[in-house]
Amino acid sequence: MRNDQTPTQFLLCPRCGRKTRTLVREDTELTRFPLFCPKCGYACVVAFRQGNLEITEAPDASENF
Ligand SMILES: [Zn+2]
């Protein structure tokens, strides 16, 4: 009897498009949230509001792993 709970989703990595381990709800709001992708190692700072993900700070093109 819990079919009406707020849906959740994993944020997708802006670099490789795969799921990160960060779980959000559709009414989640994040500001300057450090997002890390465990799949490709990409890290950036994002904002999440009203279901939309925005990249606030992205590392420059020269990536070091
Ligand atoms: Zn990734």
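What follows is a chat about a predicted model of a protein.

Reader: Hi! What's the secondary structure, in terms of helices and strands?
Author: Hello! The protein has five strands and zero helices. Along the sequence, that reads as β-β-β-β-β.

Reader: And how confident is the predictor, on average?
Author: The mean pLDDT of the protein is 89, and 86% of the residues score at least 70. Among the elements, strand 3 has the highest mean, 97, while strand 5 has the lowest, 94.

Reader: Nice. Which strands are in the open sheet, and in what order?
Author: That sheet has three strands in the order 3-4-5, and the pairing is antiparallel. Strand 3 and strand 5 are the edges, since each of them pairs on one side only. Neighbouring strands in the sheet are turned by 40 degrees against each other on average, if direction is ignored.

Reader: Let's take the pairs in turn. How many bridges link strand 3 and strand 4?
Author: Five bridges, in the antiparallel sense, between residues 30–36 of strand 3 and residues 43–49 of strand 4.

Reader: Which residue of strand 4 does Leu35 pair with?
Author: Leu35 has Cys44 as its bridge partner. Next along, Phe36 stands opposite Ala43 in strand 4.

Reader: What does the turn between strand 3 and strand 4 look like?
Author: The two strands form a hairpin with six residues between them. Within that turn, Gly41 has a positive phi of about 80 degrees.

Reader: OK, and on the other side, how do strand 4 and strand 5 pair?
Author: Also in the antiparallel sense, over five bridges, with strand 5 covering residues 52–57. For instance, Val45 has Glu57 as its bridge partner in strand 5. This is another hairpin, with two residues between the strands.

Reader: Which residue in that turn has a positive phi?
Author: Gln50, with a phi of about 50 degrees.

Reader: Switching topic: is strand 5 mostly buried or in the open?
Author: Strand 5 lies largely in the open, because zero of its six residues are buried.

Reader: I'm looking at Ile55 now. Why does Ile55 count as exposed?
Author: Ile55, which lies in strand 5, has 12 C-beta neighbours inside 10 Å, so it counts as exposed. The cut-off for exposed is 12 or fewer.

Reader: What does Ile55 touch, leaving out residues up to four places away in sequence?
Author: Pro14, Cys44 and Val46. Cys44 is also the bridge partner of Leu35.

Reader: How far is Pro14 from Ile55, in space and along the chain?
Author: Their C-alpha atoms are separated by 8.1 Å, and the two residues are 41 apart along the chain.

Reader: What share of the contacts join residues at least 24 apart?
Author: It's 22%, taken among contacts between residues at least 6 apart in sequence.

Reader: Last one: what share of the whole protein is buried?
Author: Of its 65 residues, 8% count as buried.

Note on methods:
Residues numbered from 1 in each chain as written. Predicted model: local features only at pLDDT ≥ 70, side-chain atom pairs only at ≥ 80, totals over all residues. Pairing = 2+ DSSP bridges. Helix = DSSP H or I, 4+ residues; strand = E, 2+ residues; numbered from the N terminus. Buried ≥ 20, exposed ≤ 12 C-beta atoms within 10 Å, placed from the backbone. Contact = placed C-beta atoms within 7 Å. Axes fitted to C-alpha atoms, helices over the stretch in contact; angles between N-to-C directions. pLDDT = per-residue confidence, 0-100.
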